[in-house]
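Me: Could you walk me through this structure, question by question? I'd like to see the reasoning behind each answer.

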Amino acid sequence: MRDPWIKKLTASLIGGLIGVYTPEPMWWMVLGIFLWVLLRIVFWRPRDFFGPELWPEILILCASILVGFGFGQTGKFELAPPLTLSPVQVVGELKDWSLHEEGAAGLFEVLEPVTVQESALAQKSYSLRVYFDSEGNLPEGWDLVRPGDTLEFTAKIEQPKPPGTQGQFDYPLYNAVRGLSGWITAQGEADILRPGNPGLSWRVRNHVQELLALYPQDQTGLLEGIVFGDTSRIPEEALESYRITGVYHVFSASGSNVAFLLLLCWNFMFFLPRSLRVGITIAVLAFYALLCGGNPPILRATIMSVFVLLGRLGKGRETGRANGYRGLLIAAFLLFIWQPLILKDIGFQLSFMATWGILVLSNKLEKGQWVKGWPKSVRSAFSMTCAAQIATLPLMISVFHRLSLIGILANLLVLFVLGSIFELGILAVFLSFIPQIALPLFQVSLWLLNGVSEFLIQLARLPWADVWVVNPGTLFWVCWYGWLLVLLVGKAKIGFILRVQLGNLYRDSLPWVARGLIFIRPLVVAMQKVMPPGLVRVFVAFRERAQFARLGIKGERILAVLLLLLFLWSPWNAPDVLQVTFIDVGQGDCILIETPGETRIMVDTGPKTGTFDAGEQVIVPYLLQRGIKRLDALILTHPHADHVGGAGAIFETIPVGWVGIPEDGLEWLSYESFEEDGAGDNLRNGWGEGGLDWDLIRMLEKMTIKRLSRGDKMALDSNITLTVIAPGKVLRGTKSDENNNSLVLHLENSAGQSVLLTGDMEEEQMEEICRSGQNFEADLLKIPHHGSRYSLMTEMLDRINPRAVVIPVGKNSFGHPSPQVLEYWGERQVPVYRTDEDGTIQIRFDEISMEFITGRD
């Protein structure tokens, strides 16, 4: 039986997807295209083309797409504008609260800011953070608070900026989908104005945490993550093995958890009448969703399960798969109505596509010849795991750029054990009011979890357990899901539809094609001339399918492999002009130079701290998102942490031809230059946390090192040169010898357009360059040292007449960029671009003009 609602729901969701992904400036254009297509359908031979029986349905589907598109556009109003306020006095209600390693965290709804200026914050919810002091205690008053209390305290409020770099995490979207505006960081004590009563879900979770306090925290954190989907109490190193082996989804509290809980409840209450059994199971699922905080994946899975259970009450119910598919679409549609931006949330997308894959693909995979002899339980687990991986593969590559090659095996081996751990854990949660029963259940689940963790750690150590993958582009998505469509519908049916439709199109457009061939023939001839001979031979051989048939190889499989390799090669990612990109890495430098000849050189790699690695979290995802798989050179201007911190992650992921460092007299690669601090950590004085450490030196020892000094010139392409301006004379006894011996580089193309990259040079090095008589004129200037006042030497800057300047800068406590620097360039009426405001800044030099493309408009 065909479900009349499936097409309508699908059309609305497709319209919603287009709506949430359409940038605001293009909204009217896309809407105009929709209306034009709708009018063409209405007035252009509709009944002859669709048939009279399909005519009303086509109109309804078009209207559904149009309504979904309009509603999807309303999601932009949920995004909180960027804002930073500190200090601000706030009054509000504490919604959630829990202790962590570094302090406490919770949810806080602002009821009334004390000052009138912040009245716009009222009735907004924020993620609350309270940190321990140096003695490991919370500030006064915070140890007494509970959810439901009305509090007053001083805080710093942050509403984050939208991402300014490709592949960067979208915090405003993440917050909006979860009903948050940003973060509040408490600064000082809290006054409890009015005590409140915590909700049932918090009392249950708090009681469970008190029971689990008897066990080691690293184990209990993992168990809480599996049961409640809360990873905040899990050490980062414990999560890495789950990521590498592709089992991280167990902490998302989504479909698998709900499925295990549904089976547990349904089988446990086998003796009850069907209607009562369904009602109790729905109530348990709803309560579990509340325990997990109502995150999007758990809501999607819960709503879908509710509709599947309600379907079991009907007399003429459809098959379980059709019920599940309808429930999945209804769940997605209801969540879309609740929050349009949820369609853009990666957690929801992965959860939706994994469930879709299990519903529509697992049955076909289970009937495959290669698994027919397997036990049914193993066959079902394998087919569901493969189906989920297949359905989500393009998403995983495009968002995370990491692919777990061992993921299917790991999921297959630990799926049932993790299911048992969850069922034991959730049963202990529901029975936590009886400690004599709950504690043994927790103990058994922790024993099993410890064994699984050790097993995954060993799997994660295998070579090629996971790999970084470049973004293959939109065509890969089209071919991948096109292949799934062929798998589901069948080659014969797809071929018949294509033959009929293409035949109609051919008859209608034959006169236009005949005219177009006059212009296409010269293009085909030109392509044959430039196409590599090897590629020509491959396609000629492919055309002679009989040659492959004798070997048992089907031609379409060869074509599929060739297309996949072509997408991964991605030759269209090469720039056609000189490009210089200032990547937004926060308080640090990272500059990517790209030439039309596909030479790619990176200058500096951003910072690395205990909580942030620019290489791993920003630079590598950006390069892979752009399809860049290799750097011809990586140049490090000086050894400070904010310039070399991300190098380690790049060396581990991206092949690098050679590494350039300044000939500055500093022993970069000498272990003797390290000293031990009081904690026994090896640190280089003045280089800072995350700077040139032992691990990075070991990596550099394996690289080709070039020491650069004044006068060195590198030909990047036949008409593009990179010249070293400094260091020349090695400077000693300055405010910072490392800064004042930075590599200063001058990039120039054949048209004379030039860029001056200045590292962190300060007044002493600027004066030395001035006296050297070198040409440092530039159309684009990178402001030295993030706009520090110590690099404002007007004698040198007055001799540069840039058309624009760029300041790589982020949050800092140094006052960068200084008001004096901004005032100087303002008086000269030179445009100033800043990575903290504009995001990643790409400048294209076409030998006539400069085009600026910023990550944030």
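Here are some questions and answers about the sheets, cavities, helices and unusual bonds of this predicted model.

Me: Happy to start with the sheets. Which strands stand at the edges of the eight-stranded open sheet?
Reply: The sheet runs in the order β15-β12-β11-β10-β9-β8-β23-β24, with mixed pairing. An edge strand pairs on one side only, and that fits the two ends of this order. The edge strands are β15 (705–708) and β24 (850–854).

Me: And inside that sheet, what is the bridge partner of V580 in β9?
Reply: Let's begin with the strands. β8 covers residues 578–582 and β9 covers residues 591–594, and these two pair in the antiparallel sense over four bridges. In β9, the residue bridged to V580 is I593.

Me: Seven strands form another open sheet. Why is one side of β16 and of β22 left without a neighbour there?
Reply: The order is β16-β17-β18-β19-β20-β21-β22, again with mixed pairing. β16 (713–717) and β22 (832–834) are at the edges and each has a single partner strand, so one side of each lacks a neighbour in the sheet. On average, neighbouring strands of this sheet are turned against each other, direction ignored, by 20 degrees. The reason asked for, then, is that each of these edge strands has a single partner strand.

Me: Which residue in β17 stands opposite A715?
Reply: Look at β16 and β17, which pair over four bridges in the antiparallel sense. Opposite A715, on β17, you will find T721.

Me: Now to β5. In what sense, parallel or antiparallel, does β4 pair with β5?
Reply: β5 (residues 182–194) has a parallel pairing with β3 (residues 124–131), over four bridges, and there S127 is bridged to W183. Strand β4 (residues 150–159) pairs with β5 over eight bridges, with I157 standing opposite I184. The sense of the β4 and β5 pairing is antiparallel.

Me: Let's turn to empty space. What volume does the largest cavity have?
Reply: Rolling a probe the size of a water molecule over the atoms shows where empty space is left. A search of the whole structure with a cut-off of 30 Å³ or more finds three cavities. For the largest cavity, the volume is about 110 Å³.

Me: Which helix gives the most to the lining of the largest cavity?
Reply: The lining has 13 residues, and V250, S256, F260, L418 and G419 lie nearest the centre. Two helices, α9 (255–268) and α16 (407–430), each supply at least two lining residues. By class the lining has eight nonpolar, five polar and no charged residues. With six residues, the helix that gives the most is α16.

Me: How many polar residues line the second largest cavity?
Reply: This cavity has a volume of about 40 Å³. Its lining includes I783, P784, S788 and W825. Sorted by class, the lining has six nonpolar residues and no charged ones, and the number of polar residues is three.

Me: How are α15 and α16 oriented to each other?
Reply: Two packed helices are described by the angle between their axes and the distance between the axes. Helix α15 (residues 376–400) packs against α16 at an angle of about 135 degrees, and their axes are 10 Å apart. The crossing of the two is right-handed. Given that angle, α15 and α16 are therefore oblique.

Me: Some backbone details next. Which residue does a cis peptide bond join to A726?
Reply: The bond has an omega of about 10 degrees. The residue in question lies in the loop between β17 (720–726) and β18 (744–748). The partner joined to A726 is P727.

Me: What is omega for the peptide bond from H816 to P817?
Reply: P817 is placed in the loop between β21 (804–807) and α29 (819–827). The bond from H816 to P817 is cis, with omega near -10 degrees.

Me: Last one: what is phi of D604?
Reply: D604 sits in the loop between β10 (600–603) and α23 (614–625). This residue is other than glycine, yet its phi is positive, with a value near 70 degrees.

Note on methods: Residues are numbered from 1 along each chain as its sequence is written. This is a predicted model: local features need pLDDT of at least 70, side-chain atom pairs count only at pLDDT 80 or more; totals for chains, interfaces and linings use all residues. Side-chain values use heavy atoms; hydrogens and water are left out. Two strands pair if DSSP finds at least two bridges between them. On a 1 Å grid over the protein atoms alone, a cavity is a set of points where a 1.4 Å probe fits but cannot get out, and a pocket is an open set with protein on both sides within 12 Å along at least five of seven lines; lining residues have an atom within 4 Å of a point. Grid points are joined across faces, edges and corners, and a volume is the space filled by probe spheres set on the points. Ala, Val, Leu, Ile, Met, Phe, Trp, Tyr, Cys and Pro count as nonpolar, Asp, Glu, Lys and Arg as charged, and the others, Gly among them, as polar. Axes are lines fitted to C-alpha atoms, for helices over the stretch in contact, and angles run from 0 to 180 degrees between N-to-C directions. Angles under 35 degrees count as roughly parallel, over 145 as roughly antiparallel, 65 to 115 as roughly perpendicular and the rest as oblique. A crossing is left-handed if the near helix is turned anticlockwise from the far one by less than a right angle, and right-handed if clockwise.
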